[in-house]
Amino acid sequence: MKCPFCAHSETQVVDSRVSEDGDTIRRRRRCLDCDRRFTTYERVELSMPTIVKRNGTRVEFDIKKLQASLKLALRKRPVSTEALEAAVYRIQEALLNTPGKEVSTGHIGELVMNELKQLDQVAYVRFASVYKSFEDIGEFVKAIQEMQVPVSAAKLEKK
């Protein structure tokens, strides 16, 4: 590791600690030339697939965009931050396990809709209205009816 102060290429690890969440290792280092100390962090770098947009352009996966779209759909809905974070984690895991190095925005949209269907029905319809570009009230009604079918079937099974 190169010293950030004098650019000397030899440093010594003085102390190593695993973070509380276990995701990173914190290392205290000492430069063998200038004797100054600095900290480095080591973490796993995951390679997310490239996102292929509807117009054919390719962009890097941005977790902040995913979080923002879920938060927008869930705005003013009774869903905990923990549940939201768990949904983001599951979507991210699904993308990491997707074969190939590219994934379409359509696939991501379907993953988001599946998560929202489990989290909150209103958020699901909100997201679906934008994602599927609803043109009229009939498409809203159809989406709501799709949500009610599993609920009705579940009520019949309980009786």
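This is a chat about the strands, turns and helices of a predicted model.

User: Hi! Let's start with the sheet. Which order do the strands have?

Analyst: Hello! The sheet is open and has three strands in the order β1-β2-β3, with antiparallel pairing. The edge strands are β1 and β3, and each of them pairs on one side only. Averaged over neighbouring strands, with direction ignored, the turn of one against the other is 25°.

User: Nice. How many bridges join β1 and β2?

Analyst: Seven bridges, in the antiparallel sense. Two pairings you can look up there: Val13 has Arg29 in β2 as its bridge partner, and Arg17 stands opposite Arg26 in β2.

User: And how many bridges for β2 and β3?

Analyst: β2 and β3 also pair over seven bridges, again antiparallel. Here Arg30 has its bridge partner, Arg37, in β3.

User: What about the turns? Which residue takes a positive phi in the hairpin of β1 and β2?

Analyst: That is Gly22, with phi near 80°; five residues lie between the two strands of that hairpin. The hairpin of β2 and β3 has five residues between its strands as well, and there Asp35 takes a positive phi near 65°.

User: Hm, an Asp with positive phi. What's the usual sign outside glycine?

Analyst: Most residues other than glycine have a negative phi. Asp35 has a positive one, near 65°, and sits in the loop between β2 (24–31) and β3 (37–43).

User: Which other non-glycine residue should I look at for a positive phi?

Analyst: Try Ala7, whose phi is near 65°. Ala7 belongs to the segment before β1 (11–18).

User: How accessible is Ala7?

Analyst: Its relative accessible area is 47%, so Ala7 is partly exposed. Asp35 also counts as partly exposed, because its relative accessibility is 46%.

User: OK, switching to the helices. Which residues touch the most other members of the largest nonpolar core?

Analyst: Those are Leu66, Leu70, Ile91, Leu95, Val112 and Leu116, in a core of 22 residues. The elements that give two or more residues to this core are α1 (63–73), α2 (81–96), α3 (105–119) and α4 (121–131). As general background, nonpolar side chains tend to be buried together in soluble globular proteins.

User: Let me click on Leu66. What does Leu66 touch, leaving out residues up to four places away in sequence?

Analyst: Leu66 touches Phe61, Val88, Ile91 and Val112.

User: And α2 against α3: at what angle do the axes cross?

Analyst: The axes cross at roughly 145° and come within 10 Å. The crossing of α2 past α3 is right-handed.

User: Which residues make that contact?

Analyst: From α2 you have Ala83, Ala87, Arg90, Ile91, Ala94 and Leu95, and from α3 His107, Ile108, Leu111, Val112, Glu115 and Leu119.

User: How do the residues of that contact divide into nonpolar, polar and charged?

Analyst: Nine are nonpolar, one is polar and two are charged. If you want somewhere to begin in the viewer, Ile91 and Val112 are both among the contact residues of α2 with α3, and Leu66 touches both Ile91 and Val112.

User: Great, I'll start there. Thanks!

How values were computed:
Residues are numbered from 1 along each chain as its sequence is written. This is a predicted model: local features need pLDDT of at least 70, side-chain atom pairs count only at pLDDT 80 or more; totals for chains, interfaces and linings use all residues. Side-chain values use heavy atoms; hydrogens and water are left out. Helices (H or I, at least four residues) and strands (E, at least two) are DSSP runs, numbered from the N terminus. Buried means under 20% relative accessible area, exposed over 50%, partly exposed in between (1.4 Å probe, protein chains only). Two strands pair if DSSP finds at least two bridges between them. Axes are lines fitted to C-alpha atoms, for helices over the stretch in contact, and angles run from 0 to 180 degrees between N-to-C directions. A nonpolar core is a set of buried Ala, Val, Leu, Ile, Met, Phe, Trp, Tyr and Cys residues joined through side-chain atoms within 4.5 Å. Contact means heavy atoms within 4.5 Å. A crossing is left-handed if the near helix is turned anticlockwise from the far one by less than a right angle, and right-handed if clockwise. Ala, Val, Leu, Ile, Met, Phe, Trp, Tyr, Cys and Pro count as nonpolar, Asp, Glu, Lys and Arg as charged, and the others, Gly among them, as polar.
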